[in-house]
Amino acid sequence: MEKLQIAIEKARASRLAQRGVTSHEDSAPEAPVVTLAEQVGAWAALPEMTLDPKVLEKNRVISNLQGQHAAYYDILRTRLRDEAKRRGIRRIAITSTRPQAGKSTTLANVSLAFARMPHYRTMVFDFDLRRPSLARILGQTPEHNMGEVLRGEVRFEDHILRYGANVAYGLNSVAVPNSSELLQSEQTHDFLNAVEEIYQPDLMLFDMPPFLAADDTQGFLGFIDGVLLIVEAEKTTRHQLDAVEQKLSELTTVVGVVLNKCPFPDESDAGSYGYGGYGYGY
Ligand SMILES: Nc1ncnc2c1ncn2[C@@H]1O[C@H](COP(=O)(O)OP(=O)(O)OP(=O)(O)O)[C@@H](O)[C@H]1O
Ligand SMILES: [Mg+2]
């Protein structure tokens, strides 16, 4: 049995043992000991993703380029890294108050900013299984989807794509049925624990649906450490923001709020980021 599969079985057995369903010793397969060389090997074995700069540009992904606009995503990247380190957390979901706030675009940009940090490993999962879009934004057409991987029908290493040495993507070309139930299932919990054990990412980022659009995001919050909330400038009212933020903070840690698509006319203003840019709070 391959290491990830053993790790999933181990996570499952340990969960059942905690509940007293089985004895841990009886049911858990031997823990895979993953050496540093094996971690590097596991990352290297993931198929490599190539990006088309024209597709990226069309989809407002600019973080692969040098320049001032990319620098704003670098700032967000570094704040996320520092915040994760400061709080001792690793799994962060990206959600929004309303649809179309720019979650997937922000995540695509930030992930490419992380790709420029070679010693920091980031995993990005499109868990907006109802309306996946990260694949399209990054110009990818994966044959399989994360639903199949989570259900154990497709092997992780046959689906996950690696960009450079240190960023991996779990994408979807099509919507996944029963997304809410799948995301909050114990299968998904075991999967995340096993992936962490084998690949040892520094950070895991999850693209999610808008918080109020369905219960997918709320159901998944139990498995993650914090959320980054994306707010579309001039579309979200203060009241909507306060209501969503309060509800989220009752359920998890809000690691930051990004004010996206800010229509600041003067880019020389230190507090404003033009090009429909964003501000970051917290
Ligand atoms: N900073 C920005 N400035 C201008 N337009 C942006 C910005 N970020 C995203 N957009 C545009 O807003 C639209 C929605 O972006 P995106 O798909 O990333 O949002 P989303 O929150 O993931 O949407 P959904 O709720 O459907 O998942 C896209 O057309 C995208 O190009
Ligand atoms: Mg999206």
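A residue is taken as buried when its relative accessible area is under 20%, and in this predicted model that cut-off describes every position of strand β6, since seven of the seven residues from 226 to 232 are buried and the strand is therefore largely enclosed by the rest of the structure. In a regular strand the side chains alternate between the two faces of the sheet. In β6, Gly226, Leu228, Ile230 and Glu232 point one way, while Val227, Leu229 and Val231 point the other way, and all of them are buried.

The strands that pair with β6 were examined next. Strand β1 runs parallel to β6 and is joined to it by five bridges, one pairing being that of isoleucine 92 with glycine 226 in β6. Strand β7, which spans residues 253-260, also pairs with β6 in the parallel sense, here over seven bridges, and within this pairing leucine 229 stands opposite valine 257 of β7.

A comparable description applies to strand β5, residues 203-207, where five of the five residues are buried, so that this strand too is largely enclosed by the rest of the structure. Both of its faces are covered, with Leu203, Leu205 and Asp207 buried on one side and Met204 and Phe206 buried on the other. Strand β1, made up of residues 91-96, is parallel to β5 and joined to it by four bridges, and alanine 93 is the residue that stands opposite phenylalanine 206 of β5. Strand β2, made up of residues 122-126, pairs with β5 in the parallel sense over five bridges, and here valine 124 has leucine 205 of β5 as its bridge partner.

Phenylalanine 206 of β5 reappears in the analysis of nonpolar packing. The largest nonpolar core comprises 44 residues, and those with the most contacts inside it are Phe125, Phe127, Phe156, Tyr199 and Phe206. Helix α11, residues 186-199, gives the most to this core, contributing six residues. At least three residues of the core come from each of domain 1 (1-33) and domain 2 (36-281). For phenylalanine 127, when neighbours within four places in sequence are left aside, the residues in contact are Met146, Leu150, Leu183, Phe206, Asp207, Met208, Pro209 and Phe220. A second core, separate from the largest one, has 36 residues, including Tyr73, Tyr120, Leu138 and Val258.

Aromatic rings were then considered as pairs, of which a search of the whole structure finds eleven. In one of them, the ring centres of phenylalanine 114 and tyrosine 120 lie 5.4 Å apart with the planes at 15 degrees, and the pair is therefore stacked. Phenylalanine 114 is buried, with a relative accessible area of 0%, and tyrosine 120 is likewise buried, its relative accessible area being 14%. A further pair is formed by phenylalanine 125 and phenylalanine 206, whose ring centres are 5.6 Å apart and whose planes stand at 15 degrees, so that this pair is also stacked. The pair links distant parts of the chain, because phenylalanine 125 belongs to strand β2 and phenylalanine 206 to strand β5, the two being 81 residues apart. Both phenylalanine 125 and phenylalanine 206 are buried, and both belong to one aromatic cluster, whose other members are Trp43, Phe127, Phe156, Phe191, Tyr199, Phe220 and Phe223.

Charged side chains were treated in the same search, which finds 20 salt bridges. Arginine 87 and glutamate 83 meet in a salt bridge with an N to O distance of 3.0 Å, and both residues lie in helix α5 (residues 68-87), four residues apart, or about one turn of the helix. Arginine 87 counts as partly exposed at 34% relative accessibility, whereas glutamate 83 counts as buried at 12%. The side chains of glutamate 153 and arginine 151 also meet in a salt bridge, at 3.0 Å from N to O; glutamate 153 is exposed, with a relative accessible area of 52%, while arginine 151 is partly exposed at 34%.

In a further salt bridge, aspartate 158 is joined to arginine 155, the closest N and O atoms being 3.1 Å apart. Aspartate 158 is partly exposed at 45% relative accessibility, and arginine 155 is partly exposed at 42%. These two residues belong to a network of salt bridges that also links Glu2 and Glu157.

How values were computed:
Residues numbered from 1 in each chain as written. Chains lettered and ligands numbered in written order. Predicted model: local features only at pLDDT ≥ 70, side-chain atom pairs only at ≥ 80, totals over all residues. Heavy atoms only, no water. Buried < 20%, exposed > 50% of the residue type's maximum accessible area, 1.4 Å probe, protein only. Pairing = 2+ DSSP bridges. Core = buried A, V, L, I, M, F, W, Y, C linked by side-chain atoms within 4.5 Å. Domains from an automatic or database assignment. Contact = heavy atoms within 4.5 Å. Phe/Tyr/Trp six-rings, centres within 6.5 Å; stacked < 30°, edge-to-face > 60°. Salt bridge = Lys/Arg side-chain N within 4 Å of Asp/Glu carboxyl O.
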